[in-house]
Amino acid sequence: MKLNSPRGTSDIYGEDIEYRDFVIETVRELFKVFGFQEIITPAFEHTEVFSRSIGESTDIVQKEMYTFPDRKGRSLTLRPEGTASIVRSVVEKKMLSSQELPLKLFYIGNMFRYERPQKGRMREFWQIGAEAMGSSEPLIDAEVIWLLSRIFYNLGFKKLQLRINSIGCSQCRGSFIHEFKEYIQPGLGGLCPDCRNRFEANPLRIFDCKKSSCRSIVSGSPKISGFLCPDCRKHLQGVKKILTGLSIEYYIDDSLVRGFDYYTGTIFEMVSHELESAQNALGGGGRYDRLLSEFGGPDMPATGFALGLDRTILVMKELGMGCSRKTGPVKTYMITLSGPGEAYSLEVLRDIREAGIACQVDYASRNIGTGIKKAGKKGFDLAVIIGDEEIHKGCVTIKDLDNFRQYTIDRTRLVKKILEITGVEKNG
Ligand code: HAM
């Protein structure tokens with residue numbers, strides 16, 4: 001019997017694991033630098049956690065949730081995103097009363113959406129997200145956006161575009177929606193069937209439709225930016241000022257909307273023009289100032305983002321970006337002509353690993369040149385080479401893969417030499 005993985009899911013292995021580790025290690029380091037702590041929540045929740053927060057009329061709740069009754073008939077849903085679960089948990093565990101504010105949390109997890117699979121769009125995919133709760137200061141929006149841009153910068157991205165908009169508070173959005181609907185009404189028949197439904201249930205989502213007929217109707221419409229109340233306008237100005245002060249480039253996109261009802265105020269997206277498909281958003285987020293109180297928690301504001309891990313890796317690979325770390329533990333690669341199981345090589349391997357230095361063994365190459373090329377490509381710092389002469393003399397040859405300098409030294413001095421070549425800070 002031949003069984004395949006379900007449509008829209010993937011098995012992650014080989015090179016993809018290396019990319020994944022690289023991205024996760026990079027973000028974990030940055031979360032530490034920016035003061036975010038990890039939270040892990042269940043992969044499924046009671047269905048209301050998502051339907052109430054994301055919004056009954058959104059595409060996600062209407063068409064994309066994996067919802068099922070458990071054996072006792074309770075309706076459960078595989079999480080389509082992380083924010084609602086985190087808010088549920090923060091309120092349930094009363095984290096906001098016992099912690100210094102803002103409470104800053106991050107998560108890494110698999111999400112599930114019953115979408116039409118295509119390049120960069122999966123039914124099971126992974127997100128890395130961050131949520132900062134308990135402050136309405138523009139500084140927090142800017143800090144969260146700064147963190148998102150820094151993640152992509154540290155991963156090696158050069159040309160992403162950061163798009164920002166404000167969708168206002170319920171007050172300014174109300175008067176905008178009224179005007180917008182008046183504008184659209186005469187052209188209603190030209191909208192696609194989905195957008196005709198959105199017109200009543202969720203008119204802002206019409207901005208997000210990729211169909212050319214809908215885009216052309218919407219292109220000349222009034223924009224929310226013209227309707228922001230003084231407070232919302234001041235807040236967006238504040239965020240922009242801080243971003244400019246941090247030298248973070250952004251583009252104000254007054255057509256930007258997001259697919260969840262919980263958003264208020266400043267929203268943003270990080271877009272790659274290099275991905276040749278509609279799935280070009282690598283990450284996005286924004287404020288959701290009402291969600292905590294809607295979940296029965298304190299009336300506190302919040303903001304956050306999530307980036308798509310699979311989509312980010314896809315673009316990195318398409319752009320030929322590597323996944324080797326410039327900092328972190330020293331990584332060595334052992335190449336032995338007599339085979340890694342030979343006693344002398346095993347002793348050297350033990351010396352290196354017991355000193356806390358990562359050492360991977362080349363099990364396949366029987367040629368030093370090939371082994372060194374492989375080590376360089378995979379991002380190792382040093383090649384540790386053991387040929388017949390090294391065994392005979394009780395020494396080891398090390399090749400620095402940054403500058404290709406080579407050292408042959410006595411085995412007893414090996415670990416010291418590795419640390420000396422790579423610099424102790426790399427081991428920190
Ligand atoms: P989102 O924009 O729906 O936001 O998802 C964030 C990212 O997840 C997207 O930019 C994309 O890279 C990735 N993504 C979404 N759907 C798929 C899919 N079907 N296949 C592959 N990747 C996908 C949220 O989920 C919000 N919870 C973000 C947030 C956090 N807002 C405030 N805090």
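Glycine 286 has glycine 304 of S11 as its bridge partner. The model is predicted. In it, S10 and S11 pair in the antiparallel sense, over five bridges. Both strands belong to an open sheet of eight strands. The order of this sheet is S1-S5-S6-S11-S10-S9-S7-S8, and the pairing is mixed. Strand S1 (37-38) and strand S8 (251-252) form the edges, each pairing on one side only. Helix H12, residues 309-318, lies across S6, S10 and S11. The helix runs at about 50° to S11.

The same three strands also take part in the ligand site. Strand S6 (124-133), strand S10 (281-287) and strand S11 (302-308) each supply at least two residues of the shell around the ligand. S10 gives the largest share, six residues. In total, 27 residues surround the ligand. The closest are Glu81, Glu115, Met122, Glu131 and Tyr263. By class, eleven residues of the shell are nonpolar, nine are polar and seven are charged.

Polar atoms of the protein approach the ligand from side chains and from the backbone. An N or O atom in the side chain of glutamate 115 is 2.6 Å from a nitrogen atom of the ligand. For tyrosine 262, a polar side-chain atom lies 3.1 Å from a ligand nitrogen atom. Alanine 281 contributes through its backbone: a polar atom there is 3.0 Å from an oxygen atom of the ligand. On its own, the ligand has 660 Å² of accessible area, and the protein covers 95% of this.

A further open sheet has five strands, in the order S13-S12-S14-S15-S16. Its pairing is mixed. The edge strands are strand S13 (358-361) and strand S16 (406-410), each of which pairs on one side only. From one strand to the next, the twist averages 25°. Within this sheet, strand S14 (residues 382-386) and strand S15 (residues 395-400) run antiparallel and are joined by four bridges. Leucine 382 stands opposite aspartate 400 in S15. Helix H14, residues 368-377, packs on the sheet. The helix touches strand S12 (331-336), S14 and S15. Its direction makes about 165° with that of S12.

Terms used:
Residues are numbered from 1 along each chain as its sequence is written. This is a predicted model: local features need pLDDT of at least 70, side-chain atom pairs count only at pLDDT 80 or more; totals for chains, interfaces and linings use all residues. Side-chain values use heavy atoms; hydrogens and water are left out. A residue is near a molecule or strand if one of its heavy atoms lies within 4 Å of it. A polar contact is a pair of N or O atoms within 3.5 Å; within protein, one must be able to donate a hydrogen and the other to accept it, and residues adjacent in sequence count only if both atoms are side-chain atoms. Accessible areas come from the Shrake-Rupley method with a 1.4 Å probe; for residues, only the protein chains shown count as cover. Ala, Val, Leu, Ile, Met, Phe, Trp, Tyr, Cys and Pro count as nonpolar, Asp, Glu, Lys and Arg as charged, and the others, Gly among them, as polar. Two strands pair if DSSP finds at least two bridges between them. Contact means heavy atoms within 4.5 Å. Axes are lines fitted to C-alpha atoms, for helices over the stretch in contact, and angles run from 0 to 180 degrees between N-to-C directions.
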